[in-house]
Amino acid sequence: MTSPETFHGWLGHDSSAAQGNLKWAAFTPKPFAATDIDIKVSHCGICGTDIHTLRSGWGPTHYPVCVGHEIVGHVVRIGSSPSASRFRLGDRVGVGAQAASCLKDDCEECSGGLEQHCGKGFVGTYNGKYPDGNWSMGGYADYVRVPAHFAIKIPSALKSEDAAPMMCGGITVFSPLKNNGAGPGKRVGIVGLGGLGHFGVLFAKALGCDKVVAISRSRNKAKDAEAMGADIYIATSEDEKWDRKHSRSLDLIISTVSSPDMPLSGYLRLLRTNGQFIQVGAPEDNLPAIAAFALIAKGCKIGGSQIGSPKEIEAMLEFAAEKKIKPWIQTRPMKEANKGVVEMEDGKARYRYVLVNEEQEDQAKL
Ligand SMILES: NC(=O)c1ccc[n+]([C@@H]2O[C@H](COP(=O)([O-])OP(=O)(O)OC[C@H]3O[C@@H](n4cnc5c(N)ncnc54)[C@H](O)[C@@H]3O)[C@@H](O)[C@H]2O)c1
Ligand SMILES: [Zn+2]
Ligand SMILES: [Zn+2]
C-alpha cells in the first residue's frame, strides 16, 4: 500500500470553477515530510467554503486549486514523526478544513488546544500556503497529503459518508454549541438550514437543549427541520412579526448564514438578556449594521467561531457515534463534482452532498 508520485483531482483554474468548470487533472502534491500522511480519499463532502473559494469570493484564490475539506479515506503512507507514526496503514481517518498550524510551544493557541485560531501558521486544507511555499490541495481528489496532526481516526460506528461532512460542517457548529453552554436548560436557535445549519439542529437536540429553533427564510424546509428535531420553525421572510412574536426566547443563536443580506437586528431581538449570537457563516460582504442598543439593552454579545481543534473533532465524532447522529446527506460519484458544486450553489442539497470515489482509473479517463 502506497501512494503515487502524482495525484489527480478536480482542479479549478479560475473563478468559473464555481459554475461547474472543474477539470480532472494530475497535480504534484507538496513534498512528503516526516510529519505527513497520505490518504486514499474515499469520501469528500461539498462545503459552502468550497464555493466561496472556487469563485475567489473572499479574495483571490490561488489557482489551480483542488477544493474539498470534508475528507475521509484510508492511510496509505506514513511519515516517521511521532504524530504520523501513531497511524497504521489502512486506518480510516478524516481531515477537516485545517491542514497545519505552527504547533510551537510558545504559541498561545497551539499549546492551548486552539490550533484552529493559530495566528502564525494556519494552513487551510486547500488554497493554503505551507511554510515551504507549497500550496495545499484538498479532497476532490484520489489522494491527499496532510500533516498527520490534523488527521483524526474515525470511530468504527460511523459510516464514512456520514463522518465526512462532520469534519467541517459538523464541527463548525458543534464547537460553538459546546463552548457556549448548549445543553439542558438552554434554548438555542440555528439560523440558515444548509449543511452547517442542519448539523446545528441535530447536535443541539442531541446535546439536550430545552428548545431548538430553526430559523430560515422560507417555510419550505419546515417539515425537514421538524424531522431533524427542531421544536419551532421561524421563516423570516414569511412569518409576520416573527422577531416580536419570539422576542427574548433564546439563550444562544448560531448563525450559519452565508449571504450578507440577513435581518441581524431581528435575530438579536430573539435573544434573552445576556444572550449570545455566534456567527459561523462567512458571507463575502460585511454583516449588516445594527443599532448599538440592539446589544446594550439586553447585554447581548456577538461572537464568531472557526471550525474546531483536532481534539474537539475527536470529541464530536465520539459524541456522534454515541448519540447515533445521522446527517442528511446525498452521496454522488466523485465524477459528478461539477454537477454537485452547481447544485450546491443553487441550494439544492438536502443537506450535504458527499462525493464518493469509485474506481480512480475511470476518472483518469474523463
Ligand atoms: N466558521 C467556519 O469555520 C466555517 C466553516 C465551514 C463553513 N463556513 C461558512 O458557513 C457558511 C455556510 O456553509 P454551508 O456549507 O452550510 O453552506 P450551505 O449553502 O449548505 O448553507 C447555507 C444556508 O444558509 C442559507 N442562507 C443564505 N443566506 C441566508 C440568509 N440571508 N438568511 C437565512 N438563510 C440564509 C442558505 O439558504 C443555506 O441553506 C458558508 O459561508 C461557509 O463558508 C464557515
Ligand atoms: Zn500556533
Ligand atoms: Zn467547510
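Here a student and a tutor talk through a predicted model of this protein and its ligand.

Student: Why is Arg145 called buried?

Tutor: The cut-off is 20 or more other C-beta atoms within 10 Å. Arg145 has 22 within that distance, so it counts as buried. You will find Arg145 in strand β8, residues 143-147.

Student: Which residues does Arg145 touch, leaving out those up to four places away in sequence?

Tutor: Contact asks for C-beta atoms within 7 Å. By that test Arg145 touches Pro29, Lys30, Phe32, Asp36 and Asp38. You can also look at Val75, 70 residues away along the chain, whose C-alpha atom is 9.8 Å from that of Arg145.

Student: What makes α4 largely enclosed by the rest of the structure?

Tutor: Count its buried residues: 16 of the 20 in α4 are buried, so the helix is largely enclosed.

Student: Where is the kink in α4 centred?

Tutor: On Met166, within a helix that runs over residues 160-179. The bend is the angle between axes fitted to the seven residues ending there and the seven starting there, and for α4 the kink is about 55°. After the helix comes Gly181, with a positive phi near 80°.

Student: How do you know that ligand 1 lies between the two domains?

Tutor: Look at who supplies its shell. Domain 1 (7-153 + 328-364) and domain 2 (169-304) both contribute residues, so ligand 1 lies between them. The shell has 30 residues, and Gly48, Gly192, Gly194, Leu196 and Ser258 are the closest. Helices α1 (48-54), α4 and α5 (195-206) each provide at least two shell residues.

Student: How many of the shell residues are nonpolar, polar and charged?

Tutor: There are 11 nonpolar, 17 polar and 2 charged residues around ligand 1. Remember that Gly is counted as polar here.

Student: How far apart are the centres of domain 1 and domain 2?

Tutor: Taken over C-alpha atoms, the centres are 28 Å apart. The contact between the domains uses 12 residues from domain 1 and 8 residues from domain 2. On the domain 1 side, these are 5 nonpolar, 5 polar and 2 charged.

Student: And the largest nonpolar core: why is it said to lie between the domains?

Tutor: The reasoning is the one we used for the ligand. Domain 1 and domain 2 both give residues to this core, so it lies between them. The core has 98 residues, with Ile39 and Ile253 making the most contacts inside it. Its largest share, 9 residues, comes from α4.

Student: What does Ile253 touch, not counting residues up to four places away in sequence?

Tutor: Ile253 touches Gly189, Val191, Tyr267, Leu270, Leu271, Phe277 and Ile278.

Terms used
Residues numbered from 1 in each chain as written. Chains lettered and ligands numbered in written order. Predicted model: local features only at pLDDT ≥ 70, side-chain atom pairs only at ≥ 80, totals over all residues. Helix = DSSP H or I, 4+ residues; strand = E, 2+ residues; numbered from the N terminus. Buried ≥ 20, exposed ≤ 12 C-beta atoms within 10 Å, placed from the backbone. Near = placed C-beta within 6 Å. Domains from an automatic or database assignment. Contact = placed C-beta atoms within 7 Å. Core = buried A, V, L, I, M, F, W, Y, C linked by C-beta atoms within 7 Å.
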